[in-house]
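Work through the exercises below with the coordinates open. Each task is followed by its solution.

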Amino acid sequence: MGKRWSSVLLGVVISLVALWYLFRRDLSGVQDELRRANYLTVLPCLALSYVALWLRSLRWRVLLGYRITPSHSFHILNVSYFLNGVLPLRVGELVRAALTARLDPPVPMITALSTIVVERLLDTLAVFALVGLVLVMLPTGLEIGYLGMALGIGAAIGVVVLMTVAARPAWAYWLFDGAAQRIPWLRRPALRHWLESALVGVQPLASARATALAVGWTAAGWAVSVMTGYVLLYAIFDAPTWTAAMAMVALASFVVAVPAVPGNLGPFEAAVVFGLASANLVARPTDAPAVAFALLLHVVNLFTYISAGLVGLWAEGVSLGEVTRVVEALRARSQKAGGETLAGEL
């Protein structure tokens, strides 16, 4: 309990510091930018956001080995994103696993949780590739371009590594056990459990076709996310660039790992404005247009997740009250339960 509340407190402090940094210069200018914004761009932006969610649900279905229907995959995924956006500690991921366990036929919670680990790995590789592409496109020296190409190549190598581990899980255990003999810190049971969960999740990637589909849906989802950001940039800026859209999306993707209040208020905006400044769309991260755009983008994202999540709850026949009870059960048992016993809570 103490550890959880300390994490929440740290998140509040980080969010307040980020917000202070963003608004310390020109709050009236931000208000003026929002008043002058072209809000007609929000409609196509919302449409693209829902498309991106659909593409990510198709990827998750591939990782689950097609054990659930496209409809269940889409709605359950949206419920998890909705809960992650409004509740702390990313409990939406656990609820996603619990919802799959109540289907007919059920999907074991540990299987669903392991696919979430693989999703994170694929998204990390996608961000590396995206950052690499941004560095190649920026008008800077050759060294930055070489770094960008290295990141892109590294992402491709990462996919090959995932395929190899999926086909030869014993190699992963051998490497882990060998490293644990030399590094005592790796002998913790939690790390071994994480490895086991990850290996269960990567099993679909043992198939070249499944890997191609998972990578393809990942690339498509990120491409639509970049397109969404690019379209929304027209709400504030007269001449946005694809480089700026890619930079802000790449940096914003890292904030999920930063402690903050629910919805990552503060760190999300900070990541967006630094992305815009790195692509030279604004002179400084704290310029009023950048801050106004970051706020608008955050509102659009939250509206997307909340609206899609509420529809998902309705489609899955689950109420917010039932989800709240499951969240409390998951919080109470997360340290000692493997996950399977929680399926009956829904």
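**Exercise 1.** Find the distance between the closest N and O atoms of R96 and E93, and classify the contact.

Solution. In this predicted model, the closest N and O atoms of R96 and E93 are 3.1 Å apart. The cut-off is 4 Å, so the pair counts as a salt bridge. Next, place the partners. R96 and E93 lie three residues apart in helix α5, so about one helical turn separates them. Now check burial, which means under 20% relative accessible area. R96 has 0%, so R96 is buried. E93 has 8%, so E93 is buried.

**Exercise 2.** Which salt bridge links E93 to R120, and what network follows?

Solution. The side chains of R120 and E93 meet in a salt bridge, at 2.1 Å from N to O. This pair links distant parts of the chain: R120 is in helix α6 and E93 in helix α5, 27 residues apart. R120 is partly exposed, with 29% relative accessible area. Through shared partners, salt bridges join E93, R96, E119 and R120 into one network. The whole structure holds seven salt bridges.

**Exercise 3.** How do helices α4 and α5 pack: roughly parallel or roughly antiparallel?

Solution. Start with the geometry. Helix α4 covers residues 70-86 and helix α5 residues 91-101. Their axes are 7 Å apart, at an angle of about 155°. Angles over 145 degrees count as roughly antiparallel. Therefore α4 and α5 are roughly antiparallel to each other. Last, the handedness: the crossing of α4 and α5 is right-handed.

Technical notes
Residues are numbered from 1 along each chain as its sequence is written. This is a predicted model: local features need pLDDT of at least 70, side-chain atom pairs count only at pLDDT 80 or more; totals for chains, interfaces and linings use all residues. Side-chain values use heavy atoms; hydrogens and water are left out. Axes are lines fitted to C-alpha atoms, for helices over the stretch in contact, and angles run from 0 to 180 degrees between N-to-C directions. Helices (H or I, at least four residues) and strands (E, at least two) are DSSP runs, numbered from the N terminus. Angles under 35 degrees count as roughly parallel, over 145 as roughly antiparallel, 65 to 115 as roughly perpendicular and the rest as oblique. A crossing is left-handed if the near helix is turned anticlockwise from the far one by less than a right angle, and right-handed if clockwise. Buried means under 20% relative accessible area, exposed over 50%, partly exposed in between (1.4 Å probe, protein chains only).
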